[in-house]
Amino acid sequence: MLHGKSRLSRRAFAVTALSALVAGGGAVAAGAAMAGGSDSAGPGRRRPYGEMRGVWVATVANRDWPSRPGLTAAEQRAELIAHLDRAVHDRLNTVIFQVRPTADALWPSPYEPWSEFLTGTQGKDPGWDPLGTAVQEAHARSLELHAWFNPYRIATHTDPTKLVATHPARRHPDWVVTYGGKMYYNPGLPEVRAFVERAILDAVRKYPLDAVHFDDYFYPYPVAGQTFDDDAAYDSYGADFPDRASWRRDNIDRLVRETASLIKQTRPATQFGISPFGVWRNEATDARGSDTQAGVQTYDDLHADTRKWVREHWIDYIAPQIYWNIGLSAADYAKLLPWWAEVAKGTATKLYIGEALYKAGDPAQPAAWQDPAELSRHLTLAKEHPQVRGHVFFAAKDVATDRIGAMARVVADHYRRPARPPR
């Protein structure tokens, strides 16, 4: 989706990557909530109950919240509470709240500056604690609060002087790679990985988070004609790998494994989940891949081996962004969903499906998305796969506006009674 003056927000690439299509050419009740879970439960053993009904609240570029920078603390708080209340109204049970959108913070962090999306000025204290309030108010409403962190994005521009003077990226310019009109921390530097982990763990120590959540951005999405310049880091640390891609995947693997371990050491009850782009690899690239023709493959382009993270149970849950309609030739929801179910089969990693509510009723989208029943059909189809433990909707603003009633249809068809999240 585009925000304002053509800025690409978190999920936009899921649209553009597949619109560019390259690569060759009934109710679920609380007491009877969706019975999914690990197939490792074995014959005769009862599977755990619970159903994820989540919503993302994106703060980057003020996508969902706050509605604009510079609101008073009271106005920001009121808008946040309204999103939580809407989640309760729609019988959702989990809010995934973006608290580190661009190497910044929506809590008082000793490592990174206050986010500019709060006050309009990076580093300026907003006068309250959004993350602390979100946790408290979500729990008061029996909602889980998953804190969503973007690991490597520094800024959606390339001018370091626009960052607050104390920003770590200004103190350590050697950590920064400029690419595609944005600035990123270099994932190939061990000191970067350690810093990112410290910044995240600060929030885990301070707040009773139900989960830490990563989105789909690891190495950046490819930009035609541009090179992500990590030559120096590769020269220093890549000698033991057969190629740069293998080294890059190892860098991301290390981030995932180390973050998971640190979370469990710090607050054992806190889960760790990731919501990757919906295509690991196309079948034409890898026989283990999905029957898709996606222009982006997370394994090859973002250097994120999302399938391995599930199979090795490095993460507690995965929520692939299957942001396409049933029947789309390049990436058919009805093909990707069973592919992911098979990946999760026999593992302890819970599978949730990321749903593109933002597409419903968007006139720029295919005809399927003009039908208010499209999303409800997704949930109906998912019931055929016991590995699917629920769904997460992008995003809060679209839940609130519900342009053509697609969310209302989901609630009427599938969420007539409350359900607790899986545990």
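**A walk through some corners of this model**

Hi everyone, let's begin with one tryptophan: Trp148 has 0% relative accessibility, so Trp148 counts as buried. Before I go on, please keep in mind that this is a predicted model. You can find Trp148 in strand 5, residues 144-149. Now try hopping from Trp148 to Ile200 on your screens. Along the sequence they are 52 residues apart, while their C-alpha atoms are 9.6 Å apart in space.

Next, let's turn to helix 12. Is helix 12 largely enclosed or not? Seven of its nine residues are buried, so helix 12 is largely enclosed by the rest of the structure. The buried ones in helix 12 are Glu374, Leu375, Ser376, His378, Leu379, Leu381 and Ala382. And what covers them? The cover includes helix 11 (333-344), strand 12 (350-355), strand 13 and helix 14.

Let's stay with helix 14 for a moment. Helix 12 spans residues 374-382 and helix 14 spans residues 406-414; their axes come within 7 Å of each other, crossing at roughly 35°. That crossing is right-handed. On the helix 12 side, the contact is made by Leu375, Ser376, Leu379 and Thr380, and on the helix 14 side by Ala406, Arg409, Val410, Asp413 and His414. Sorting the residues of this contact by class gives four nonpolar, three polar and two charged. Leu375, Ser376 and Leu379 may sound familiar, as they were also on the list of buried residues in helix 12.

Now for some empty space. If you roll a probe the size of a water molecule over the atoms, you see where empty space is left. How much space lies in the largest cavity? About 50 Å³. Its lining is made of Val55, Val57, His83, Arg86, Val95, Ala396 and Val399. In terms of class, that lining has five nonpolar residues, one polar and one charged. Which elements each supply at least two residues of it? Those are strand 3 (52-57), helix 2 (73-89) and helix 13 (396-401).

Let's move to the backbone, where there are a few things to look at. As a reminder, most residues other than glycine have a negative phi, and most peptide bonds are trans. With that in mind, have a look at the loop between strand 3 and helix 2, where Pro66 sits. Trp65 and Pro66 are joined by a cis peptide bond, with omega about -20°. Asn62 belongs to the loop between strand 3 and helix 2 as well. Its phi is near 55°, which is a positive value in a residue other than glycine. Is Asn62 buried or exposed? Asn62 has 11% relative accessibility, and the cut-off for buried is under 20%, so Asn62 counts as buried.

Further along, the loop between helix 2 and strand 4 (94-100) holds Arg91. Arg91 also has a positive phi, near 60°, and is a residue other than glycine. Arg91 is partly exposed, because its relative accessible area is 27%, and partly exposed lies between 20% and 50%.

One last stop: a cis peptide bond also joins Phe394 and Ala395, with omega about 0°. You will find Ala395 in the loop between strand 13 (388-393) and helix 13. Strand 13 is part of what covers the buried residues of helix 12, and helix 13 helps to line the largest cavity. Thanks for listening!

Terms used:
Residues numbered from 1 in each chain as written. Predicted model: local features only at pLDDT ≥ 70, side-chain atom pairs only at ≥ 80, totals over all residues. Heavy atoms only, no water. Axes fitted to C-alpha atoms, helices over the stretch in contact; angles between N-to-C directions. Helix = DSSP H or I, 4+ residues; strand = E, 2+ residues; numbered from the N terminus. Left-handed = near helix turned anticlockwise from the far one by under 90°. Contact = heavy atoms within 4.5 Å. Nonpolar A, V, L, I, M, F, W, Y, C, P; charged D, E, K, R; others polar. 1 Å grid on protein atoms, 1.4 Å probe; cavity = no way out; pocket = protein on both sides within 12 Å on 5 of 7 lines; lining within 4 Å. Points joined across faces, edges and corners; volume = space filled by probe spheres on them. Buried < 20%, exposed > 50% of the residue type's maximum accessible area, 1.4 Å probe, protein only.
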